[in-house]
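User: I've got a model open and want to know how the labels people put on it are earned. Can you take me through the reasoning?

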Amino acid sequence: MKEELDRLRRRYKELGEVIDDLTDTLGHASSATESVLEPELIRARKELSSVVERLKSLSGET
């Protein structure tokens, strides 16, 4: 279980960095670029939410 927690924590950190990068890029992007990046941002946020829920469940939080 510790290995899974460590893996999820790493993924949480990676996704946070990806979301920060995408958000920053979107702030300077053209509308054509936005249409490509927005779905990626949505996907990353959904995955981050899943990772958070899994971390909570494994650590016994409600």
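User: What makes up the fold here, in helices and strands?
Analyst: This is a predicted model, and the protein in it has two helices and zero strands.

User: How do you know that the protein is more spread out than a compact globule?
Analyst: Set the two values side by side: the globule rule gives 11 Å for 62 residues, while the radius of gyration is 14 Å, well over that, so the protein is more spread out than a compact globule. The box tells you about the outline too: along the principal axes, the C-alpha atoms fill roughly 45 × 15 × 15 Å.

User: How do you know that the span of helix H2 agrees with its number of residues?
Analyst: H2 covers residues 31-59, which is 29 residues, and at 1.5 Å a residue that should span 42 Å. The C-alpha atoms at its ends are 41 Å apart, so the two agree. There is a bend along the way, though: about 30° at Leu37, with Pro39 following within four residues.

User: Which residues of H2 are called buried, and what do they pack against?
Analyst: The label needs a relative accessible area under 20%. In H2 it goes to Leu37, Leu41, Ala44, Leu48, Val51, Leu55 and Leu58. These buried residues pack against helix H1, residues 2-27. Take Leu41: leaving out residues up to four places away in sequence, it touches Ile19, Leu22, Thr23 and Leu26.

User: What makes a set of residues a nonpolar core, and which members touch the most others?
Analyst: Members have to be buried nonpolar residues joined through side-chain atoms within 4.5 Å. The largest such core has 13 residues, and Leu8, Leu15, Ile19, Leu41, Val51 and Leu55 touch the most other members. H1 and H2 are the elements that give two or more residues to this core, with H2 giving the most, seven. As a general pattern, nonpolar side chains in soluble globular proteins tend to be buried together. Across the whole protein, buried residues make up 21% of the 62.

User: Why is Gly60 called exposed?
Analyst: Exposed means over 50% relative accessible area. Gly60 comes in at 59%, so the label holds. Gly60 follows H2 and has a positive phi, near 85°. Its C-alpha atom is 17 Å from that of Arg7, 53 residues away along the chain.

User: What share of the contacts joins residues at least 24 apart?
Analyst: Counting contacts between residues at least 6 apart in sequence, 69% do.

Key: Residues are numbered from 1 along each chain as its sequence is written. This is a predicted model: local features need pLDDT of at least 70, side-chain atom pairs count only at pLDDT 80 or more; totals for chains, interfaces and linings use all residues. Side-chain values use heavy atoms; hydrogens and water are left out. The expected span of a helix is 1.5 Å times one less than its number of residues. The bend at a residue is the angle between axes fitted to the seven residues ending there and the seven starting there. Buried means under 20% relative accessible area, exposed over 50%, partly exposed in between (1.4 Å probe, protein chains only). Contact means heavy atoms within 4.5 Å. The radius of gyration is taken over C-alpha atoms; the globule rule is 2.2 Å times the number of residues to the power 0.38.
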